[in-house]
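Student: Could you take me through the salt bridges of this model in some detail, pair by pair, with an eye to where the partners sit and how accessible they are?

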Amino acid sequence: MNLRVLAISLVFFLSSGLHAVPLSYYLPDEDYNKNIPTPESVLGYQVGEWHVRHDQLVQYYHALAKSSDRVTLNVIGQSHEQRQLLQLVITAPKNQSNISSIQSNHIQRLQQRNKPNHDAFPLIVNLNYSVHGDESSGSNASMLVAYYLAASSSPAVAEYLDQMVVLLDPSLNPDGLSRFAQWANQHKGMNLNSDPNNREHVQDWIRGRVNHYWFDLNRDWLLLQHPESRARIAQYHQWRPNVLTDHHEMGTHSTFFFQPGIASRKNPFTPERNVELTKELATYHAAAFDQQEQLYFTEEAFDDFYAGKGSTYPDLHGTIGILFEQGSSRGHLQESINGDVAFPATIKNQITASFSTLKGSLENKQVLLDYQWQFEQDAKKVAKKADIDGFIVGDIADKSRVADFVALLQQHNIQAYAINKDAKIDKHQFTAENSVYIPLQQPQARLIRSIFSEATSFNDNTFYDVSSWNLAMAFNLEYRAVKSQRSLNVSNNLWQRKVTNNNTLDDVYSYAIDWRDSSAAPAVYELLSKNIKVRSAMKPLYISTKQGDQQLAAGTMLIHAGLQQGDWRKTLAAVADKHGIELIQITTGLSAKGIDLGSRSMLNVELPEVLVIGGNGMNLYEVGETWYALDRHVGFSPTIIDKRKIIATDLSRYTHIILADGSFSKSDDNLAKQLKGWVQSGGVLWGQKRAALWLSQQKLLSAEHINAKDMRKRFKSEGLSYNDKEALQGRQRVAGAYFAADIDLGHPLSFGISNATMPLFKNSIDLLLEPEKPFTVVAKYTKEPLISGYADQVNVEKIAEATALVAHRFGRGVVIGMTDNPNFRAINYGSQRLLFNALFIAKGISY
């Protein structure tokens, strides 16, 4: 039957109430091993009839692995919701019996000086499906791909399995997949409804795309904030596949996309040879879709720039990463300009792309293995060509933030070494205790250069995602390029954090916690939750210890013995040890100079009761990032209430309300009135990005503003042609870049911050102007603010010296507005300190 006729018949078949298609629709007409279970035999329905839940995937893959000597099933981790993260290893039985040696030999060959004879090495191909849970055609297709490789008797499959090891990750986002399967299935009728307005095709605020904390996991390959990503990257480095596929969906009116993407938008550290090999594999995808008379496109729309995406991260490691995007049915059947998009048809296309990848990879086996080996050898040249030997990174006081930074690098196989002596580089002092040295001369030279990039000029200024991911800036750590390693006394040992032990506490007058350590926030929260009373010094103080007099910075947290009850010292020591905090033991309340411990400048720190406003109209990602930051970095889960329900909520129980980015209108006027009354009664209100502008409009925040619409008007469009539209839009936006801001270190919201300049991540162009009210500006962009990433000079000039963070009293409460998201993707450990200070110290603001 003509394939076009088959497609038309499929839609008629489905719309007639007959939702299942035969197995032959998906797979070639071949002999299959009858002892291998089909997905239908385990699920009870044919693939594509319903959206598969993750527990059903697990059930099928256990049955498949049990019945086939070609398949090994590994559980490589668990999602936040404790769903198994699966990886199938599919290869010939002879390879299965020798899989550990194959794996280790594949890695070891990369370090050989002379090119190995790759005839003896199997190719490693990694198929990854549905990192976005509501792009579920990939996960559903994975079952049929695995079945085909396990059961087919064809010579082609036998050769695949003899010459390759196929790693199959069926669901990169189990929690999102399960959420969306429940949504799509519960709205499916006996007769399918293809109307795009139907509830099946329009998800609620929390979509299946995101994981448990509402993050986009396809942006987390570099940042590794989530267990799904950490498990995946650990396996990636254990296997270092030659080819890795990343199966997605896109808008319903689109067809099918495969890479390469836009040529001018590749990562600058990705070799051109990678693009050439991607193009070579693309010919196999094109041939497969041509044969089936399916529409597709390539080399447009998508880029390969941000190192933290699933198709780009592999490119920086000698793997050919390939993005596939299928026009989505986002349910079971949906109208499109190309005709109705049926769920089985989307699954079939993902299968086609999987098979074309295997075919193209096998026929280019030698070339792909040679390329990856050469890529590894060239890493030494990349390091040698650089005009530096490496980077030194540290913080004068925050050992926890340094430790978290190093732990992230280690997961990417980046080596960071201790230094034996303090060092001074470019007039900045790096202490041996809290600094690390990262040499370029190591296999990850490309990734190291990428994560320390300060580039602000690019060949193409239009970005699909962010234009900077400088991790040292994200952590707000001081760093310098080191011209010569000989200028440092570098240890032979990798850096390790020293273990803190407070098991023996003397019965002294008071105990202090250095607020500059980022582990202090979760420690203080836990102490407060255990009814231990805490004070915070609003001014610097000079205290007496058994080791002598010591100066403590403003913000220092104090636990006075005279205020406590019960067996509190044991609790204090246990909490401090848990969080790696060294307690400073104070012998007297009388300071050598400055304020005493009983001063009025000691703030009574209260346990924060936090409400985060969510729901329709609020930015799902930013609400999730706020939830995650508080839950994972401070130690409590905030209350999240939909914006439309706030009006019926008694706000008096909450000490803090957080407004992440969102859209606001006239309908929110009553919310503004409610918030005004709550703040005047003593609440602390935080608003960021468009929420900050809304607080300004509502006269809650004493600062004027410029919105994105007015910022875009600053760009001249006279004389531009129609074809200039995309370039203009690229110039008008800030593509996720770091801007430097001057910090008022005397302000309570900056307590614990050591550096007077902080990198802030900006991906919007909304601005606050300097308020007339004095003493309210906490952060202000510098005169030359752009320090990493792209922003057009028109925007940069306006952002320069604009206000980044405003805070002031409002009645008995405090209002805080910030034009950026301090928790972007949960990786900005530096700027999130501003929010955490708002939780514990905002009541210390007196103006």
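**Salt bridges, pair by pair**

Tutor: Let us begin with R83, which counts as partly exposed at 25% relative accessibility. Its side chain meets that of E81 in a salt bridge, with 2.5 Å from N to O, and E81 is likewise partly exposed, having a relative accessible area of 32%. Please keep in mind that this is a predicted model, in which the count comes to 38 salt bridges.

A second pair is formed by the side chains of K115 and D370, whose salt bridge has an N to O distance of 3.7 Å. K115 lies in the loop between α6 (99-108) and β3 (123-129), whereas D370 belongs to helix α13 (residues 365-385), so the pair ties together parts that are 255 residues apart in sequence. D370 has a relative accessible area of 18% and is therefore buried, because the term applies under 20%.

The third pair stays within one helix: K359 and E363 are 4 residues apart in helix α12 (residues 343-363), which means that about one helical turn separates them. Their side chains meet in a salt bridge at 3.1 Å, again taken from N to O. K359 is partly exposed at 40% relative accessibility, and E363, with a relative accessible area of 49%, is partly exposed as well, because exposed is reserved for values over 50%.

Finally, there is an arrangement that goes beyond a single pair, since a network of salt bridges links E135, R209, D216, R219, D465 and R825. As for the chemistry behind such contacts, side chains of opposite charge can pair when their charged atoms come close.

Note on methods. Residues are numbered from 1 along each chain as its sequence is written. This is a predicted model: local features need pLDDT of at least 70, side-chain atom pairs count only at pLDDT 80 or more; totals for chains, interfaces and linings use all residues. Side-chain values use heavy atoms; hydrogens and water are left out. A salt bridge is a side-chain nitrogen of Lys or Arg within 4 Å of a carboxyl oxygen of Asp or Glu. Buried means under 20% relative accessible area, exposed over 50%, partly exposed in between (1.4 Å probe, protein chains only). Helices (H or I, at least four residues) and strands (E, at least two) are DSSP runs, numbered from the N terminus.
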